[in-house]
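Q: I am new to this structure and would like a close look at a single part of it. Please take one helix and its surroundings step by step.

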Amino acid sequence: VLPDHSINAFAAGYQPSDAVIGVTKGCMEQLTRNQLQGVIAHEFSHIFNGDMRLNIRLMAILFGILFIGMIGRFIFEAALRGGGSRRSNNEKSNPIPFLALGFALIIIGYGGVFFGNLIKAAVSRQREFLADASAVQFTRDPSSIGGALKVIGHGSGSEIASPERNETSHLF
């Protein structure tokens, strides 16, 4: 249980044997027992459908693409700083090829991250719809998850107040 007054929950782990479901205190206080059952069933379905593993893989791929951009930025900045260094007494090194390489890697890396995040959002949306449908199957009551979504959508809010929320926002 997270000590936060927003309504939110998450499933974490890599496989069902090490999975955990977390809920906020606000989720437990502001939802009825039936609605809380729907939320837990929704998170359980993320475990059942292997969404946690998929999210970890997507994050790893996106970081790999981001790393290409980070390498490009390092090469670009190094070429800018080292452009005036000398190879020998009278020869100046030409930073233009390194600047071009660094800039190309920056474009590839950060452009890839942008499009990768679009793909991740589309996959995430479909997995959320699947989790909602599975929650109805688990509880045999469409009003359980539906009621919880209505409470969240009508101003109760699902934003976590923690200053570290950016690091963990993909979980919620």
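Is Phe-74 buried or exposed? And once that is settled, what can be said about helix H2 and the parts around it?

A: The model is a predicted one. Phe-74 is found in helix H3. With a relative accessible area of 56%, Phe-74 is exposed, because the cut-off for that class is over 50%. In space, the C-alpha atom of Phe-74 is 7.3 Å from that of Gly-102, although 28 residues separate the two in sequence.

Some background helps to place the helices. The protein has 6 helices and 2 strands, and along the sequence they follow the pattern β-β-α-α-α-α-α-α. Of the 172 residues in the protein, 30% are buried. Among contacts between residues at least 6 apart in sequence, 66% join residues at least 24 apart.

Now to helix H2. This helix covers residues 33-48, which is 16 residues. From the first C-alpha to the last, H2 reaches 22 Å, close to the 22 Å expected at 1.5 Å a residue. Its buried residues are Gln-35, Gly-38, Val-39, Ala-41, His-42, Glu-43, Ser-45, His-46 and Ile-47. In an α-helix, residues three or four places apart point the same way, because there are 3.6 residues a turn. After H2 comes Gly-50, which has a positive phi, near 75°.

One partner of H2 is helix H4, residues 96-139. The two axes come within 8 Å and cross at roughly 120°, so H2 and H4 are oblique to each other. The crossing of H2 past H4 is right-handed. On the H2 side, the contact is made by Gln-37, Gly-38, Ala-41, His-42, Phe-44, Ser-45, His-46 and Phe-48. On the H4 side, Arg-127, Glu-128, Ala-131, Asp-132, Ser-134, Ala-135, Phe-138 and Thr-139 take part. Sorted by kind, the residues of this contact are 6 nonpolar, 7 polar and 3 charged.

Two residues of H2 show the contact in detail. His-42 lies in H2 and has a relative accessible area of 7%, so His-42 is buried. Leaving out residues up to four places away in sequence, His-42 touches Glu-128, Ala-131, Asp-132, Ala-135 and Ile-145. Ser-45 also has its place in H2. Its relative accessibility is 0%, and therefore Ser-45 counts as buried. With residues up to four places away again left out, Ser-45 touches Ala-131, Ser-134 and Phe-138. Ala-131 is thus among the residues touched by His-42 and among those touched by Ser-45.

Helix H3, where Phe-74 is found, can be read in a similar way. H3 runs over residues 51-81 and has 31 residues. At 1.5 Å a residue H3 should span 45 Å, and its end C-alpha atoms are 44 Å apart, which agrees. The buried residues of H3 are Asp-51, Met-52, Leu-58, Leu-62, Gly-69, Gly-72, Ile-75 and Ala-79. What covers them includes H2, H4 and strand S1, residues 9-12. H2 therefore has two roles in this account: H2 crosses H4 obliquely, and H2 is among the elements that cover the buried residues of H3.

Key. Residues numbered from 1 in each chain as written. Predicted model: local features only at pLDDT ≥ 70, side-chain atom pairs only at ≥ 80, totals over all residues. Heavy atoms only, no water. Helix = DSSP H or I, 4+ residues; strand = E, 2+ residues; numbered from the N terminus. Expected span 1.5 Å × (residues − 1). Buried < 20%, exposed > 50% of the residue type's maximum accessible area, 1.4 Å probe, protein only. Axes fitted to C-alpha atoms, helices over the stretch in contact; angles between N-to-C directions. Parallel < 35°, antiparallel > 145°, perpendicular 65-115°, else oblique. Left-handed = near helix turned anticlockwise from the far one by under 90°. Contact = heavy atoms within 4.5 Å. Nonpolar A, V, L, I, M, F, W, Y, C, P; charged D, E, K, R; others polar.
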